[in-house]
Amino acid sequence: MIKKLGKWIDSIFEDRYEVTIWMRKSDGTSEASLYPLKKLQKITKNHLKGVDINGHRVEIKTVEKFSYEVKKVK
């Protein structure tokens, strides 16, 4: 019971981020992907590394550069 309460309190004070990545497809158009993250460890034009809201690690590395937008939700 106390562990659940502690996790709930932590979730209130955790930062949340929404990262949108636009990757260029082979036909020249762009495709957007949204990643809700609770931890953002690294973001560059070729690399995204973080932890999603369910606690799973997310890592995207590309050779071609992508555009991105980071919004701090909480």
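Q: How do strand S1 and strand S2 pair, and over how many bridges?
A: Strand S1 (residues 17–24) and strand S2 (residues 30–43) run antiparallel and are joined by eight bridges; strands here are DSSP runs of E with at least two residues, numbered from the N terminus, and two strands pair if DSSP finds at least two bridges between them. This is a predicted model, in which local features need pLDDT of at least 70 and side-chain atom pairs count only at pLDDT 80 or more, while totals for chains, interfaces and linings use all residues. Residues are numbered from 1 along each chain as its sequence is written, and side-chain values use heavy atoms, with hydrogens and water left out.

Q: What lies between S1 and S2?
A: The two strands form a hairpin with five residues between them, and in that turn glycine 28 has a positive phi of about 95°.

Q: Which residues stand opposite threonine 20, first in S2 and then in S5?
A: In S2 the bridge partner of threonine 20 is leucine 34, and in S5 threonine 20 stands opposite glutamate 69. S1 and S5 run antiparallel and are joined by six bridges.

Q: What is the order of the strands in the sheet?
A: The five strands form an open sheet in the order S4-S3-S2-S1-S5, with antiparallel pairing. Strand S4 (57–61) and strand S5 (67–72) are the edge strands, each pairing on one side only. On average, neighbouring strands of this sheet are turned by 30° against each other, direction ignored, where the axes are lines fitted to C-alpha atoms and angles run from 0 to 180 degrees between N-to-C directions.

Q: And how many bridges link S3 and S4?
A: Strand S3 (residues 47–52) pairs with S4 in the antiparallel sense over five bridges, and valine 51 has arginine 57 in S4 as its bridge partner.

Q: Changing topic, which residues make up the largest nonpolar core?
A: That core has eight residues in all, namely Tyr17, Val19, Ile21, Leu37, Leu48, Val58, Ile60 and Phe66. A nonpolar core is a set of buried Ala, Val, Leu, Ile, Met, Phe, Trp, Tyr and Cys residues joined through side-chain atoms within 4.5 Å, and buried means under 20% relative accessible area with a 1.4 Å probe, protein chains only.

Q: Which elements give two or more residues to this core?
A: They are S1 and S4, and S1 gives the most, with three residues.

Q: What is valine 58 in contact with?
A: Leaving aside neighbours within four places in sequence, valine 58 is in contact with Tyr35, Leu37, Leu48, Lys49, Gly50 and Asp52, where contact means heavy atoms within 4.5 Å.

Q: Where does valine 73 lie, and what does valine 73 touch?
A: Valine 73 lies in the segment after S5 and touches Arg16, Tyr17 and Glu18, not counting residues up to four places away in sequence. Its C-alpha atom is separated by 9.2 Å from that of proline 36, although the two residues are 37 residues apart along the chain.

Q: Stepping back, what pattern does the protein chain follow?
A: Read along the sequence, the pattern is α-β-β-β-β-β, which comes to one helix and five strands; a helix is a DSSP run of H or I with at least four residues.

Q: What box do the C-alpha atoms fill?
A: Taken along the principal axes, the C-alpha atoms of the protein chain fill a box of roughly 55 × 20 × 15 Å. Of the 74 residues of the protein chain, 18% count as buried.

Conventions
Buried < 20%, exposed > 50% of the residue type's maximum accessible area, 1.4 Å probe, protein only.
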